[in-house]
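I sat down with this model today and kept short notes on each thing I looked up. Here they are, in the order I went through them.

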Amino acid sequence: MGSFYTIKIKNESFLNQNFVIFQQPAIYVGGGQVYVNAVFDGSLRPFYSDGGLLIFQCLQHCYAGAQAAVPSLQPGQSAGYMTAGQALDITLQSGVSNNSTNLNLSINPLGLDSPTHAEGVREGAYRIVTPSFDPISSPINVGPAIKHPVSDSYILSSFIQAPPLSNIDCQPIAKFYITADNGYQAGQLINPEWLENLLASAAICDATQGSDTFDVTYNPDGSWTVLYDRSAPSGGGGL
């Protein structure tokens, strides 16, 4: 099935907490405003009461995602309908990679074609090629998708609203943030005006340095302790 990113959350506070996970927004070339969705949420009682943990896992492989968008984006609501996903490779410093996929609107409601190689994509990114369509009457969200290993379902971790007849280059960033008690659920759009403040007090799980397992503790004073691969500790912070 492939390797996972794994985040284990422990609640050492004295109250029940709802924890929400976001992924750092991808870097886009060829699009407009970037939006962010929650990719996981769960409630957790204090650890002293029952010893419970929340565990989030997603596959490490890169997935491009696309979904038919709702007519009007609203924070705290889903940004679209069923999400299509396609595994593909990021562009390497040298060599050939299957780093590009075409948005396919002949599939109901939409899909992403098997990846091929494209020249001119920045290192670390992949490309989504969009066909002709009406972005006003039929808006489409595209961006990196999180694939859950059990359900095989996808969530767009961040996205832009795709322009037609465009090459959209997307560079995903394997950095995850955990926040407490903000009311969002997995798949819901985060208010762009609140995102910076939310992430400023979040725990950071930075997988860009090679770690893939993180033990996260929410402390009684509202601070965080993060152990990367159960070894080097790290604190919270912002984007």
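**Entry 1: backbone oddities.** I began with Asp152, which is found in the loop between strand 12 and strand 13 (154-156). This is a predicted model, and I read phi there as near 60°, a positive value in a residue other than glycine. Most residues other than glycine have a negative phi, and most peptide bonds are trans. I then checked how open the site is: Asp152 is partly exposed, with a relative accessible area of 45%.

Leu165 went on the list too, with a positive phi of about 50° although it is not a glycine. I placed Leu165 in the loop between strand 14 and strand 15. Its relative accessible area is 65%, so I wrote Leu165 down as exposed.

For peptide bonds, I noted a cis one joining Asn108 and Pro109, with omega about 0°. Pro109 sits in the loop between strand 9 (100-104) and strand 10 (111-112).

**Entry 2: Ser132.** Which residues does Ser132 contact, leaving aside its neighbours within four places in sequence? I found Leu105, Pro164 and Leu165. Leu165 is the loop residue with the positive phi from my previous entry. Ser132 itself belongs to the loop between strand 11 and strand 12 (140-147), and at 57% relative accessibility it counts as exposed. I also took the C-alpha separation between Ser132 and Leu105: it is 9.3 Å, for residues 27 apart along the chain.

**Entry 3: Ser158.** Is this serine, Ser158, buried or exposed? Ser158 is buried, at 0% relative accessibility. It lies in strand 14 (residues 158-161). I looked for partners of its side chain and found the backbone nitrogen of Ala26 at 3.2 Å. A polar contact of 3.0 Å also joins the side chains of Ser158 and Tyr28. Leaving aside neighbours within four places in sequence, I listed the contacts of Ser158, among them Pro25, Val34, Tyr35, Val36, Val142, Gly143 and Pro144.

**Entry 4: salt bridges.** How many salt bridges are there? My count came to 3.

I took Arg127 and Asp169 to begin with; their closest N and O atoms are 2.7 Å apart. Arg127 lies in strand 11 (residues 126-129) and Asp169 in strand 15 (residues 167-171), so this pair ties together parts that are 42 residues apart in sequence. I checked burial for both partners: Arg127 is buried at 11% relative accessible area, and Asp169 is buried at 7%.

Next I turned to Asp50 and Arg45, whose closest N and O atoms are 4.0 Å apart. Asp50 is partly exposed at 44%, and Arg45 is partly exposed at 48%.

The remaining entry in my list is Lys10 with Glu12, where the N to O distance is 3.9 Å. Lys10 is partly exposed, with a relative accessible area of 24%, and Glu12 is partly exposed at 29%. While I was there, I saw that the charged end of Lys10 sits over the ring of Phe47, 4.6 Å from its centre.

**Entry 5: aromatics.** I searched the whole structure and got 10 aromatic pairs. One of them is Phe40 with Phe56, a tilted pair at 5.4 Å centre to centre, with 55° between the planes. Phe40 is in strand 5 (residues 38-44) and Phe56 in strand 6 (residues 54-59), so the pair ties together parts that are 16 residues apart in sequence. I have both Phe40 and Phe56 down as buried. They also belong to one aromatic cluster, together with Tyr5 and Phe176.

**Entry 6: cysteines.** How many disulfides does the structure hold? I found 0, and I wanted to know why. A bond would need the sulfur atoms within 2.5 Å. The closest cysteine sulfur to that of Cys58 is in Cys62, 11 Å away, which is too far for a bond. For Cys62, the closest cysteine sulfur is in Cys170, at 8.4 Å, again too far for a bond. I added a last note that Cys58 is buried, with a relative accessible area of 1%.

Notes. Residues numbered from 1 in each chain as written. Predicted model: local features only at pLDDT ≥ 70, side-chain atom pairs only at ≥ 80, totals over all residues. Heavy atoms only, no water. Buried < 20%, exposed > 50% of the residue type's maximum accessible area, 1.4 Å probe, protein only. Salt bridge = Lys/Arg side-chain N within 4 Å of Asp/Glu carboxyl O. Helix = DSSP H or I, 4+ residues; strand = E, 2+ residues; numbered from the N terminus. Phe/Tyr/Trp six-rings, centres within 6.5 Å; stacked < 30°, edge-to-face > 60°. Lys NZ or Arg CZ within 6 Å of the ring centre and 35° of its normal. Polar contact = N/O pair within 3.5 Å; in protein donor to acceptor, adjacent residues only side chain to side chain. Contact = heavy atoms within 4.5 Å.
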